[in-house]
Amino acid sequence: TMPSMVDWRWCSDCSVRSMLSAEGQRFVMFAKLRKSLRRPFDRWAARRRPKGRSIELNQKRIFIFPSRSGWGFIFVSILLLLIGVNYENNLLHAVAFLLLSIFVISIIHTYSNLSGIKITAIKGYPCFAGEQAEFELRLSAGGKRERENVQLAWKGCQSQTIEMIDHSGCTVRLYHPAPVRGRLHPRPLLIESMYPLGLLRVWSWLEVDSNAVVYPSPQKSLRPQSYIRSEGEGRMQSLDGGEDFAGLEQYHPGMPLRHVAWKTYARGQGLHAKTFHAELDERVWLDWDALAGMPTETRLSCLCYLVLQLEKQGEHYGLRLPGRDFEPDRGDSHRQQLLTALALFPGGVE
């Protein structure tokens, strides 16, 4: 009996699936083989990777290899040379040797475009968790040679192209993701170039000694009382419930009768009322224990939010953390000190 149309379709689907499965298995095997072969090279390259705050590139720290375009250029040059030999064509010989000469000269110029560059880490700027941390680097090079089309990037991050036309050097700002609070140490820095012809790629990996403080991500607390006001110090304010006598003032209708100075009135000096002052403290304490019951990271985020709000309002505020207190103050330096303490609280990234 002839198979039905459904049977043919089922057989076709099975064959396609088996082909795709076999292709996928071959791809996975190839990826594993490539990874296993690349792992020893990565370990060898990591040992040669320079580390420090200021690094100068030299022949021991620079790698150079043909690019895809370079391999194509070599293939065409050798093909022309073989054709010229086979057909005894002097013109093809000349073209092939000219192309190979250009490739050799390109090696020297591509290497020289990166050699001698000095990279110095200047500063890492703080940020909040979830943002991009900014790192400032200084690039300089001796001699009169201009460096063009030089690319820099942290591993896995977006690259930035610079042109070192000015011999005095240049300043570069690179950005690195900061997913969690703590002290961020950036990934290895890649510096590379394919100038001038794109036939070769020259590069180097650097371990730049720089870091940036990542503050907790601000989060508004749902608790109505997330901080406390201190007592006993501050500025004097006129309060009805005060205990310190401040003086007399002209009596006005509506004032409490218990404040009327009857002795003064009896002496015929008019109707006056006593005024009292009390000391009201404007200082605020942000207390770790006031947010008891919350997870550690949530507490830090809430305290970070309160620091920003109180600084914005011009308050004098302090911070109480387990084992450490920061006296009330205000200003940018005080704000950074408290945010840094929250960022480096035990349990973060060091």
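This report describes a three-stranded sheet, the helix packed on it, a pocket and three buried residues in a predicted model.

**The sheet S5-S13-S10**

Three strands make up an open sheet with the order S5-S13-S10, and their pairing is mixed. Strand S5 (127-128) and strand S10 (182-184) are the edge strands; each has a single partner strand, so one side of each has no neighbour in the sheet. Helix H6 (residues 332-343) packs on this sheet and touches S5, S10 and S13. The direction of H6 makes an angle of about 85° with that of S13.

The pairing of S5 with strand S13 (residues 212-215) is parallel and rests on 2 bridges. Within this pairing, Cys127 lies opposite Val214 of S13, and Phe128 has Tyr215 of S13 as its bridge partner. On the S10 side, S10 and S13 run antiparallel and are joined by 3 bridges. Here Gly182 is the residue that stands opposite Val214 in S13.

How are the two faces of S13 placed, covered or open? Both are covered: Ala212 and Val214 point to one side, Val213 and Tyr215 to the other, and all of these residues are buried.

**The second largest pocket**

Helix H6 also takes part in a pocket lining. The second largest pocket encloses about 160 Å³ of space. Strand S20 (324-329) and H6 are the elements that each supply two or more residues to its lining. The largest share comes from H6, with 3 residues. The lining as a whole consists of Leu321, Pro322, Arg324, Phe326, Gln337, Thr340, Ala341, Leu344, Phe345 and Pro346.

**Three buried residues**

The table gives the relative accessible area and the location of three polar or charged residues that are treated one by one below.

| Residue | Relative accessible area | Location |
|---|---|---|
| Glu136 | 12% | strand S6 (residues 132-141) |
| Ser301 | 9% | helix H5 (residues 296-313) |
| Glu315 | 17% | loop between H5 and strand S19 (316-321) |

Why does Glu136 count as buried? Its relative accessible area is 12%, and buried means under 20%. The side chain of Glu136 makes a polar contact of 2.7 Å with the side chain of Tyr125. Apart from neighbours within four places in sequence, the contacts of Glu136 are Thr120, Ala121, Ile122, Lys123, Tyr125, Thr171, Val172 and Arg173. Tyr125 therefore appears both in this contact list and as the polar partner of Glu136, whose relative accessible area of 12% makes it buried.Ser301 lies in helix H5 and is buried as well, at 9% relative accessibility. A polar atom of the Ser301 side chain is 3.0 Å from the backbone oxygen of Ser217. With neighbours within four places in sequence left aside, Ser301 is in contact with Pro216, Ser217, Pro218 and Gln219.

Glu315 sits in the loop that runs between H5 and strand S19. Is Glu315 buried or exposed? With a relative accessible area of 17%, Glu315 is buried. Its C-alpha atom is separated by 6.7 Å from that of Arg330, although the two residues are 15 residues apart along the chain.

Notes: Residues are numbered from 1 along each chain as its sequence is written. This is a predicted model: local features need pLDDT of at least 70, side-chain atom pairs count only at pLDDT 80 or more; totals for chains, interfaces and linings use all residues. Side-chain values use heavy atoms; hydrogens and water are left out. Helices (H or I, at least four residues) and strands (E, at least two) are DSSP runs, numbered from the N terminus. Buried means under 20% relative accessible area, exposed over 50%, partly exposed in between (1.4 Å probe, protein chains only). A polar contact is a pair of N or O atoms within 3.5 Å; within protein, one must be able to donate a hydrogen and the other to accept it, and residues adjacent in sequence count only if both atoms are side-chain atoms. Contact means heavy atoms within 4.5 Å. Two strands pair if DSSP finds at least two bridges between them. Axes are lines fitted to C-alpha atoms, for helices over the stretch in contact, and angles run from 0 to 180 degrees between N-to-C directions. On a 1 Å grid over the protein atoms alone, a cavity is a set of points where a 1.4 Å probe fits but cannot get out, and a pocket is an open set with protein on both sides within 12 Å along at least five of seven lines; lining residues have an atom within 4 Å of a point. Grid points are joined across faces, edges and corners, and a volume is the space filled by probe spheres set on the points.
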